Amino acid sequence: MTAFIGPDRPSDCVASLAGECHSDGGLRGHILLACGVPIIKRQLKYKLRLEPKNPDFRYPGYSSHPSYFMNRIVSPPISRRKFLRRTAVAAVATAVYAVGVEPRWVSVERSQLPVPNLPDSLAGKIAVQISDLHIGSRVGDDYLKAQFDYIKSLSPDFVFFTGDFLDSPSDWHMRKAEPFLKEFPRGSIGTACVLGNHDFGCQQSELTQYANNSRQLVDLFERADLNLLLDQSIDLGGLHVAGLRDFWFGGFDRESAALAIESLASLPSIVLSHNPDTVDLPIWDNYQSWVLCGHTHGGQCTFPLVGAPVIPVANKRYVSGSYDIQGGHKLYISRGIGHTHRVRFMARPEITIFDLAVG
Ligand SMILES: [Fe+2]
(Lines give C-alpha, C1' and ligand atoms only; values in the text may rest on other atoms or scores of the structure.)
Protein backbone atom coordinates (compact mmCIF):
# COMPACT_ATOMS: atom_id res chain seq x y z
CA MET A 1 0.00 0.00 0.00
CA THR A 2 1.38 3.38 -0.88
CA ALA A 3 0.57 6.72 0.61
CA PHE A 4 1.05 10.17 -0.81
CA ILE A 5 3.33 12.18 1.42
CA GLY A 6 3.73 15.81 0.53
CA PRO A 7 3.47 19.41 1.65
CA ASP A 8 0.38 20.53 3.58
CA ARG A 9 -0.67 23.34 1.28
CA PRO A 10 -1.34 23.22 -2.44
CA SER A 11 0.96 26.21 -2.92
CA ASP A 12 3.80 24.29 -1.23
CA CYS A 13 3.00 21.38 -3.50
CA VAL A 14 3.42 23.54 -6.59
CA ALA A 15 6.70 24.93 -5.34
CA SER A 16 8.04 21.47 -4.55
CA LEU A 17 7.10 20.08 -7.93
CA ALA A 18 8.87 22.94 -9.60
CA GLY A 19 12.00 22.20 -7.62
CA GLU A 20 11.64 25.30 -5.44
CA CYS A 21 10.66 25.00 -1.81
CA HIS A 22 11.62 28.18 0.00
CA SER A 23 9.86 31.29 1.14
CA ASP A 24 10.55 33.41 -1.96
CA GLY A 25 7.05 34.84 -2.45
CA GLY A 26 7.85 36.40 -5.83
CA LEU A 27 9.19 33.22 -7.34
CA ARG A 28 6.33 31.23 -5.90
CA GLY A 29 3.91 33.71 -7.39
CA HIS A 30 5.41 33.22 -10.84
CA ILE A 31 5.30 29.46 -10.49
CA LEU A 32 1.67 29.58 -9.36
CA LEU A 33 0.81 31.85 -12.26
CA ALA A 34 2.59 29.59 -14.75
CA CYS A 35 0.76 26.52 -13.47
CA GLY A 36 -2.50 28.17 -12.55
CA VAL A 37 -3.51 29.77 -15.84
CA PRO A 38 -3.46 26.53 -17.88
CA ILE A 39 -5.29 24.74 -15.05
CA ILE A 40 -8.05 27.34 -14.99
CA LYS A 41 -8.27 27.18 -18.79
CA ARG A 42 -8.63 23.44 -18.56
CA GLN A 43 -11.30 23.66 -15.82
CA LEU A 44 -13.32 25.99 -18.01
CA LYS A 45 -12.89 23.71 -20.99
CA TYR A 46 -13.73 20.39 -19.33
CA LYS A 47 -15.72 21.00 -16.15
CA LEU A 48 -17.90 24.02 -16.61
CA ARG A 49 -19.03 22.72 -19.98
CA LEU A 50 -20.16 19.23 -20.88
CA GLU A 51 -17.76 16.31 -21.17
CA PRO A 52 -15.01 16.86 -23.73
CA LYS A 53 -15.85 15.72 -27.23
CA ASN A 54 -12.53 13.99 -27.42
CA PRO A 55 -11.37 12.88 -23.93
CA ASP A 56 -7.92 12.09 -25.29
CA PHE A 57 -7.40 15.69 -26.43
CA ARG A 58 -4.32 17.38 -24.97
CA TYR A 59 -2.83 20.79 -25.66
CA PRO A 60 0.31 20.72 -27.78
CA GLY A 61 3.21 20.21 -25.40
CA TYR A 62 0.72 19.62 -22.57
CA SER A 63 2.45 16.63 -20.98
CA SER A 64 5.69 18.57 -20.53
CA HIS A 65 3.96 21.47 -18.73
CA PRO A 66 3.93 21.55 -14.87
CA SER A 67 0.14 21.90 -14.92
CA TYR A 68 -0.09 18.41 -16.42
CA PHE A 69 1.40 16.96 -13.23
CA MET A 70 -0.81 19.19 -11.04
CA ASN A 71 -3.91 18.04 -12.88
CA ARG A 72 -2.93 14.41 -12.47
CA ILE A 73 -2.67 14.98 -8.69
CA VAL A 74 -5.41 17.43 -7.76
CA SER A 75 -8.00 17.20 -10.49
CA PRO A 76 -8.03 14.24 -12.85
CA PRO A 77 -10.58 14.73 -15.64
CA ILE A 78 -14.14 14.03 -14.51
CA SER A 79 -17.52 14.42 -16.09
CA ARG A 80 -19.90 17.21 -15.09
CA ARG A 81 -22.16 14.64 -13.42
CA LYS A 82 -19.28 13.34 -11.29
CA PHE A 83 -18.21 16.89 -10.50
CA LEU A 84 -21.72 17.80 -9.28
CA ARG A 85 -22.06 14.55 -7.35
CA ARG A 86 -18.74 15.11 -5.58
CA THR A 87 -19.69 18.70 -4.81
CA ALA A 88 -22.99 17.52 -3.29
CA VAL A 89 -21.22 14.85 -1.22
CA ALA A 90 -18.71 17.43 0.03
CA ALA A 91 -21.55 19.83 0.96
CA VAL A 92 -23.43 17.11 2.88
CA ALA A 93 -20.23 15.96 4.62
CA THR A 94 -19.46 19.57 5.64
CA ALA A 95 -23.00 20.03 7.00
CA VAL A 96 -22.83 16.74 8.96
CA TYR A 97 -19.47 17.79 10.40
CA ALA A 98 -20.63 21.33 11.28
CA VAL A 99 -23.80 20.10 13.00
CA GLY A 100 -22.84 16.66 14.27
CA VAL A 101 -19.15 16.82 15.08
CA GLU A 102 -17.64 20.23 15.70
CA PRO A 103 -20.20 21.60 18.24
CA ARG A 104 -19.11 18.84 20.65
CA TRP A 105 -15.43 18.62 19.65
CA VAL A 106 -13.83 20.65 22.41
CA SER A 107 -10.44 22.19 21.89
CA VAL A 108 -8.25 22.69 24.96
CA GLU A 109 -6.26 25.89 24.50
CA ARG A 110 -3.30 26.37 26.82
CA SER A 111 -1.13 29.44 27.11
CA GLN A 112 0.79 31.56 29.58
CA LEU A 113 -0.96 34.51 31.19
CA PRO A 114 1.66 37.05 32.28
CA VAL A 115 0.13 39.18 35.03
CA PRO A 116 1.97 42.35 36.09
CA ASN A 117 3.05 42.33 39.76
CA LEU A 118 1.98 38.70 40.25
CA PRO A 119 3.48 37.33 43.48
CA ASP A 120 6.03 34.56 42.94
CA SER A 121 3.82 32.24 45.00
CA LEU A 122 1.15 32.38 42.25
CA ALA A 123 3.50 31.90 39.29
CA GLY A 124 2.77 28.58 37.60
CA LYS A 125 -0.72 28.28 39.11
CA ILE A 126 -3.42 27.08 36.72
CA ALA A 127 -6.46 29.20 35.87
CA VAL A 128 -9.23 27.70 33.73
CA GLN A 129 -11.64 29.92 31.82
CA ILE A 130 -15.03 28.53 30.84
CA SER A 131 -17.57 30.54 28.96
CA ASP A 132 -20.96 30.45 27.23
CA LEU A 133 -22.36 27.16 28.50
CA HIS A 134 -25.83 28.03 27.18
CA ILE A 135 -27.50 25.44 29.37
CA GLY A 136 -30.81 24.57 27.73
CA SER A 137 -32.29 22.38 25.05
CA ARG A 138 -29.63 22.95 22.40
CA VAL A 139 -26.52 21.97 24.38
CA GLY A 140 -26.53 18.45 25.83
CA ASP A 141 -26.46 18.13 29.63
CA ASP A 142 -24.15 15.10 29.42
CA TYR A 143 -21.77 17.01 27.16
CA LEU A 144 -21.56 19.91 29.63
CA LYS A 145 -21.10 17.61 32.61
CA ALA A 146 -18.29 15.82 30.75
CA GLN A 147 -16.55 19.20 30.36
CA PHE A 148 -17.02 19.90 34.07
CA ASP A 149 -15.46 16.50 34.87
CA TYR A 150 -12.51 17.25 32.60
CA ILE A 151 -11.90 20.64 34.24
CA LYS A 152 -12.13 19.08 37.71
CA SER A 153 -9.54 16.48 36.64
CA LEU A 154 -7.11 19.36 36.02
CA SER A 155 -7.38 20.41 39.70
CA PRO A 156 -7.28 24.09 38.69
CA ASP A 157 -6.16 26.73 41.17
CA PHE A 158 -8.58 29.28 39.74
CA VAL A 159 -11.75 28.93 37.68
CA PHE A 160 -13.12 31.95 35.82
CA PHE A 161 -16.52 31.85 34.19
CA THR A 162 -17.30 34.56 31.64
CA GLY A 163 -21.08 34.48 31.21
CA ASP A 164 -24.04 33.01 29.31
CA PHE A 165 -24.61 30.31 31.90
CA LEU A 166 -28.16 29.78 30.60
CA ASP A 167 -29.46 29.98 27.04
CA SER A 168 -32.40 31.93 28.47
CA PRO A 169 -33.68 32.60 32.01
CA SER A 170 -37.13 31.09 31.32
CA ASP A 171 -38.81 29.04 34.05
CA TRP A 172 -37.79 25.82 32.28
CA HIS A 173 -34.14 26.89 32.13
CA MET A 174 -34.17 28.06 35.75
CA ARG A 175 -35.18 24.56 36.87
CA LYS A 176 -32.01 23.24 35.24
CA ALA A 177 -29.76 25.95 36.70
CA GLU A 178 -29.42 24.86 40.34
CA PRO A 179 -28.27 21.25 39.70
CA PHE A 180 -25.65 22.56 37.26
CA LEU A 181 -24.37 25.14 39.72
CA LYS A 182 -23.83 22.36 42.29
CA GLU A 183 -21.59 20.53 39.80
CA PHE A 184 -19.77 23.63 38.61
CA PRO A 185 -15.96 23.20 38.75
CA ARG A 186 -14.21 25.36 41.34
CA GLY A 187 -10.65 26.52 41.77
CA SER A 188 -8.73 25.40 44.86
CA ILE A 189 -7.69 29.02 45.48
CA GLY A 190 -10.77 30.71 44.10
CA THR A 191 -13.58 30.94 41.58
CA ALA A 192 -15.10 34.06 40.04
CA CYS A 193 -17.98 34.55 37.59
CA VAL A 194 -19.82 37.15 35.55
CA LEU A 195 -23.15 36.83 33.77
CA GLY A 196 -23.79 37.25 30.03
CA ASN A 197 -26.61 38.70 27.97
CA HIS A 198 -28.40 35.34 27.66
CA ASP A 199 -28.64 35.13 31.45
CA PHE A 200 -31.06 38.06 31.20
CA GLY A 201 -32.90 37.09 28.00
CA CYS A 202 -32.34 36.13 24.39
CA GLN A 203 -33.72 39.45 23.21
CA GLN A 204 -34.76 42.83 24.56
CA SER A 205 -38.42 41.81 24.91
CA GLU A 206 -37.51 39.05 27.38
CA LEU A 207 -35.74 41.36 29.82
CA THR A 208 -38.94 42.40 31.60
CA GLN A 209 -40.58 39.00 31.17
CA TYR A 210 -37.73 37.19 32.92
CA ALA A 211 -36.45 39.95 35.22
CA ASN A 212 -37.48 38.01 38.31
CA ASN A 213 -35.76 34.84 37.10
CA SER A 214 -32.53 36.75 36.42
CA ARG A 215 -32.59 38.05 40.00
CA GLN A 216 -33.11 34.48 41.20
CA LEU A 217 -30.15 33.36 39.12
CA VAL A 218 -27.95 35.95 40.87
CA ASP A 219 -29.14 34.53 44.22
CA LEU A 220 -28.38 30.99 43.05
CA PHE A 221 -24.81 31.96 42.17
CA GLU A 222 -24.37 33.62 45.55
CA ARG A 223 -25.82 30.63 47.42
CA ALA A 224 -23.48 28.33 45.45
CA ASP A 225 -20.54 30.44 46.70
CA LEU A 226 -19.32 31.09 43.15
CA ASN A 227 -18.32 34.75 43.65
CA LEU A 228 -20.58 36.35 41.06
CA LEU A 229 -19.05 39.78 40.44
CA LEU A 230 -21.34 42.67 39.45
CA ASP A 231 -18.92 45.58 39.01
CA GLN A 232 -17.05 44.26 42.04
CA SER A 233 -13.60 42.92 42.73
CA ILE A 234 -12.36 40.17 45.01
CA ASP A 235 -8.99 39.06 46.34
CA LEU A 236 -8.44 35.39 45.54
CA GLY A 237 -5.27 34.42 47.41
CA GLY A 238 -3.35 37.46 46.17
CA LEU A 239 -4.85 37.62 42.66
CA HIS A 240 -7.41 40.41 42.43
CA VAL A 241 -10.31 39.67 40.12
CA ALA A 242 -12.92 42.20 39.02
CA GLY A 243 -16.09 41.32 37.13
CA LEU A 244 -18.23 43.67 35.04
CA ARG A 245 -21.97 43.59 34.50
CA ASP A 246 -23.04 42.46 31.03
CA PHE A 247 -22.66 45.23 28.46
CA TRP A 248 -25.97 44.54 26.67
CA PHE A 249 -28.56 43.36 29.18
CA GLY A 250 -26.91 43.27 32.61
CA GLY A 251 -27.40 46.92 33.58
CA PHE A 252 -23.88 47.92 32.57
CA ASP A 253 -22.86 51.27 34.02
CA ARG A 254 -19.63 52.98 32.92
CA GLU A 255 -18.96 54.74 36.21
CA SER A 256 -19.55 51.66 38.30
CA ALA A 257 -17.38 49.55 35.94
CA ALA A 258 -14.61 52.17 36.01
CA LEU A 259 -14.67 52.16 39.83
CA ALA A 260 -14.33 48.36 39.90
CA ILE A 261 -11.33 48.59 37.56
CA GLU A 262 -9.84 51.50 39.50
CA SER A 263 -9.97 49.43 42.70
CA LEU A 264 -7.39 47.10 41.13
CA ALA A 265 -4.86 49.98 40.88
CA SER A 266 -1.43 48.38 40.43
CA LEU A 267 -2.44 45.09 42.05
CA PRO A 268 -1.91 41.73 40.31
CA SER A 269 -5.29 41.46 38.64
CA ILE A 270 -7.61 40.06 35.99
CA VAL A 271 -10.94 41.46 34.81
CA LEU A 272 -13.86 39.31 33.66
CA SER A 273 -16.28 40.85 31.16
CA HIS A 274 -18.70 38.83 29.04
CA ASN A 275 -18.75 41.18 26.06
CA PRO A 276 -15.36 42.14 24.56
CA ASP A 277 -16.69 45.50 23.32
CA THR A 278 -16.17 46.80 26.88
CA VAL A 279 -12.40 46.87 26.33
CA ASP A 280 -12.77 49.82 23.94
CA LEU A 281 -14.63 52.00 26.45
CA PRO A 282 -12.80 54.82 28.26
CA ILE A 283 -12.99 53.05 31.62
CA TRP A 284 -9.61 51.36 31.85
CA ASP A 285 -7.45 54.21 33.06
CA ASN A 286 -3.97 52.66 33.50
CA TYR A 287 -5.08 49.05 33.74
CA GLN A 288 -2.32 46.96 32.13
CA SER A 289 -3.40 43.36 32.70
CA TRP A 290 -5.84 40.93 31.09
CA VAL A 291 -9.55 41.15 30.38
CA LEU A 292 -11.09 37.69 29.86
CA CYS A 293 -14.22 37.61 27.70
CA GLY A 294 -16.59 35.26 25.88
CA HIS A 295 -19.81 36.13 24.01
CA THR A 296 -18.61 35.74 20.38
CA HIS A 297 -18.43 31.91 20.30
CA GLY A 298 -15.57 32.52 17.87
CA GLY A 299 -18.23 33.44 15.32
CA GLN A 300 -19.45 29.79 15.49
CA CYS A 301 -18.78 29.48 11.75
CA THR A 302 -15.67 30.89 10.12
CA PHE A 303 -14.38 30.51 6.58
CA PRO A 304 -10.96 30.88 4.99
CA LEU A 305 -10.39 34.41 3.61
CA VAL A 306 -13.89 35.48 4.73
CA GLY A 307 -13.48 35.02 8.52
CA ALA A 308 -16.60 35.02 10.71
CA PRO A 309 -19.60 36.46 8.80
CA VAL A 310 -21.75 36.79 11.95
CA ILE A 311 -20.15 38.22 15.06
CA PRO A 312 -22.26 39.93 17.76
CA VAL A 313 -19.85 42.75 18.62
CA ALA A 314 -19.41 46.32 17.45
CA ASN A 315 -15.68 45.84 16.96
CA LYS A 316 -15.62 43.08 14.32
CA ARG A 317 -11.93 42.49 15.01
CA TYR A 318 -12.87 40.69 18.22
CA VAL A 319 -13.54 37.06 17.29
CA SER A 320 -11.40 34.78 19.49
CA GLY A 321 -7.96 34.51 21.04
CA SER A 322 -5.73 37.24 22.40
CA TYR A 323 -5.47 40.90 21.41
CA ASP A 324 -3.33 43.84 22.52
CA ILE A 325 -5.56 46.82 23.16
CA GLN A 326 -4.53 50.42 22.75
CA GLY A 327 -4.09 51.74 26.27
CA GLY A 328 -2.07 48.80 27.52
CA HIS A 329 -4.64 46.23 28.62
CA LYS A 330 -4.88 42.86 26.92
CA LEU A 331 -7.90 40.89 25.80
CA TYR A 332 -8.55 37.17 25.60
CA ILE A 333 -11.80 35.92 24.01
CA SER A 334 -12.86 32.33 24.60
CA ARG A 335 -14.93 30.61 21.91
CA GLY A 336 -17.00 29.13 24.76
CA ILE A 337 -18.23 25.60 25.32
CA GLY A 338 -21.86 25.83 24.21
CA HIS A 339 -23.71 27.44 21.35
CA THR A 340 -26.92 29.22 20.47
CA HIS A 341 -27.67 27.26 17.29
CA ARG A 342 -26.06 23.86 17.02
CA VAL A 343 -23.60 24.56 14.25
CA ARG A 344 -19.89 25.27 14.40
CA PHE A 345 -17.38 25.32 11.57
CA MET A 346 -13.70 26.11 12.11
CA ALA A 347 -14.63 27.56 15.52
CA ARG A 348 -14.41 24.59 17.87
CA PRO A 349 -15.74 24.93 21.42
CA GLU A 350 -13.00 25.83 23.84
CA ILE A 351 -11.75 25.23 27.35
CA THR A 352 -8.90 27.60 28.14
CA ILE A 353 -6.07 26.77 30.51
CA PHE A 354 -3.83 29.63 31.58
CA ASP A 355 -0.50 29.15 33.32
CA LEU A 356 -0.09 32.25 35.44
CA ALA A 357 3.27 33.95 35.07
CA VAL A 358 4.91 37.11 36.40
CA GLY A 359 4.26 39.77 33.72
FE1 LIG B 1 -22.98 33.11 24.37
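This is a short talk on the strands, helices and a few residues of one chain.

Good morning, everyone. Before anything else, please keep in mind that what we have here is a predicted model, and that everything I say this morning refers to that model. Let me begin with the chain as a whole, which has nine helices and 11 strands. Of its 359 residues, 34% count as buried. If we take the contacts between residues at least 6 apart in sequence, then 76% of these join residues at least 24 apart.

Let me turn now to the strands, and remind you that, in general, the strands of a sheet pair through backbone hydrogen bonds, in either a parallel or an antiparallel way. In this chain there is an open sheet of five strands, whose order is S1-S11-S2-S3-S4 and whose pairing is mixed. At its edges are S1, covering 107–115, and S4, covering 190–194, each of which pairs on one side only. On average, and ignoring direction, neighbouring strands of this sheet are turned by 20° against each other.

If we stay with the edge strand S4, we find that S3, residues 158–162, runs parallel to S4 and is joined to it by five bridges. To pick out a pair that you can look for on the screen, Thr 162 has Val 194 in S4 as its bridge partner.

Another group of strands is centred, for the purposes of this talk, on S10, residues 330–333, which runs parallel to S8, residues 290–293, with four bridges between them. Here Val 291 has Leu 331 in S10 as its bridge partner. S10 also pairs with S9, residues 321–324, this time in the antiparallel sense and again over four bridges, and in this pairing Asp 324 stands opposite Lys 330. S9 and S10 form a hairpin, with five residues between the two strands, and within the turn Gly 327 has a positive phi of about 115°.

Finally, I would like to look at a single residue, Tyr 97, which lies in helix H4, residues 80–101. Is Tyr 97 buried, exposed or partly exposed? A buried residue would need 20 or more other C-beta atoms within 10 Å, and an exposed one would have 12 or fewer; because Tyr 97 has 14 other C-beta atoms within 10 Å, it counts as partly exposed. Tyr 97 and Phe 345 are 248 residues apart along the chain, and yet their C-alpha atoms are separated by 7.9 Å.

That is where I will stop, and thank you for listening.

Methods:
Residues are numbered from 1 along each chain as its sequence is written. This is a predicted model: local features need pLDDT of at least 70, side-chain atom pairs count only at pLDDT 80 or more; totals for chains, interfaces and linings use all residues. Two residues are in contact if their C-beta atoms, placed from the backbone, lie within 7 Å. Two strands pair if DSSP finds at least two bridges between them. Axes are lines fitted to C-alpha atoms, for helices over the stretch in contact, and angles run from 0 to 180 degrees between N-to-C directions.
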